[in-house]
Amino acid sequence: LDLTPLSDVDVDPRARTVAEQAVLRDTALSVSQAAERIGVDTSRIRHRISERRLIGWKDRGGWRLPAWQFTDSDVLPGLETVLALMPVDQPALVLANFMTTPQEDLELGDRPASPREWLLAGGDPQRVAELAATIGTPA
């Protein structure tokens, strides 16, 4: 895979995507790490994945769960509401970018907030869920 920019002034979107994918993979939690973080048994984490109350992907070493879904000691407030409307056909990187990128429809103070920031600040999860439902649809 050649990720060399086409010219000195071009930013190759492939290189950015590869880098973002590496960060997503490297910061993702294993089932045991997620269980320890929120204080439950590993079987509860697998159960939540199967019910789509957490999202993850199977990797060579088992399930990997994107870190954006968690706080330091729990799951992100309102996560279940958001995941219920989030499209199941979108890659983990697309969902991570949505959850961590400021959205004009979610303001904290005088600035746009990411859905993750919005939920951590106690914002209405239904607003994030409604935005999430449009991921992957034409503008």
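Leaving aside its neighbours within four places in sequence, with which residues is L108 in contact?

**Figure 1. Surroundings of L108 in strand β4 of the predicted model.** Once the neighbours within four places in sequence are set aside, the residues in contact with L108 are A113, E117, W118 and A121. L108 itself lies in strand β4 and, with a relative accessibility of 25%, counts as partly exposed, because the partly exposed class takes in values between 20% and 50%. A further distance that can be followed in this view runs from L108 to G123, whose C-alpha atoms are separated by 8.9 Å although the two residues stand 15 residues apart along the chain. E117, one of the contacts of L108, also takes part in a salt bridge with R111, which is the topic of the next view.

**Figure 2. The salt bridge between R111 and E117.** The side chains of R111 and E117 meet at a distance of 3.5 Å, taken from N to O. Both partners are classed as partly exposed, R111 having a relative accessible area of 39% and E117 one of 30%. E117 is thus seen in two roles, as the salt-bridge partner of R111 and as a residue in contact with L108.

**Figure 3. A network of salt bridges that links E51, R53 and E80.** R53 takes part in two of the pairs shown here: with E51, the closest N and O atoms are 2.7 Å apart, and with E80, the side chains meet at 3.2 Å, again from N to O. R53 lies in the loop between α3 (42-50) and β2 (57-59), whereas E80 belongs to helix α4, so this pair ties together parts that are 27 residues apart in sequence. Each of the three residues falls in the partly exposed class, with a relative accessibility of 21% for R53, a relative accessible area of 39% for E51 and one of 45% for E80. For the whole model, the count of salt bridges comes to three.

**Figure 4. R52 and its positive phi in the loop between α3 and β2.** R52 has a phi of about 60 degrees, a positive value, although this residue is not a glycine. Most residues other than glycine have a negative phi. The residue is found in the loop between α3 and β2, and at 24% relative accessibility R52 counts as partly exposed. The loop between α3 and β2 also holds R53, the residue that forms salt bridges with E51 and with E80.

**Figure 5. The buried residue I49 in helix α3.** I49 lies in helix α3 and has a relative accessible area of 12%, which means that this residue is classed as buried, the limit for that class being under 20%. Apart from neighbours within four places in sequence, I49 is in contact with L54, W63 and L65. For one of these partners, W63, the view can also be read as a distance: I49 and W63 are 14 residues apart in sequence and 9.2 Å apart in space, from C-alpha to C-alpha.

**Figure 6. T71 in the loop between β3 and α4.** The loop that holds T71 runs between β3 (62-65) and α4 (79-85). With a relative accessibility of 17%, T71 counts as buried, because the buried class takes in values under 20%. When the neighbours within four places in sequence are left aside, T71 is in contact with R37, L76, P77 and L120.

**Figure 7. A patch of negative charge on the surface.** The patch gathers E104, D105, E107 and D110. Among them, E107 has its place in strand β4, which covers residues 103-108, and is partly exposed, with a relative accessible area of 48%. L108, the residue of the opening view, lies in strand β4 as well.

**Figure 8. The protein chain as a whole, for orientation among the close-up views.** The chain has seven helices and five strands, and its elements run α-β-α-α-β-β-α-α-β-β-α-α from the N terminus on. Of its 139 residues, 35% are buried, while the accessible surface comes to about 8300 Å², with 50% of that area belonging to carbon and sulfur atoms. Among contacts between residues at least 6 apart in sequence, 50% join residues at least 24 apart.

Conventions:
Residues are numbered from 1 along each chain as its sequence is written. This is a predicted model: local features need pLDDT of at least 70, side-chain atom pairs count only at pLDDT 80 or more; totals for chains, interfaces and linings use all residues. Side-chain values use heavy atoms; hydrogens and water are left out. Helices (H or I, at least four residues) and strands (E, at least two) are DSSP runs, numbered from the N terminus. Buried means under 20% relative accessible area, exposed over 50%, partly exposed in between (1.4 Å probe, protein chains only). Contact means heavy atoms within 4.5 Å. Patches are made of residues with over 30% relative accessible area and no salt bridge: like charges are joined within 9 Å, nonpolar side chains (Val, Leu, Ile, Met, Phe, Trp, Tyr) within 5 Å. Accessible areas come from the Shrake-Rupley method with a 1.4 Å probe; for residues, only the protein chains shown count as cover. A salt bridge is a side-chain nitrogen of Lys or Arg within 4 Å of a carboxyl oxygen of Asp or Glu. Lys and Arg count as positive and Asp and Glu as negative; His and the chain ends are not counted. The place of a charge is taken as NZ of Lys, CZ of Arg, CG of Asp or CD of Glu.
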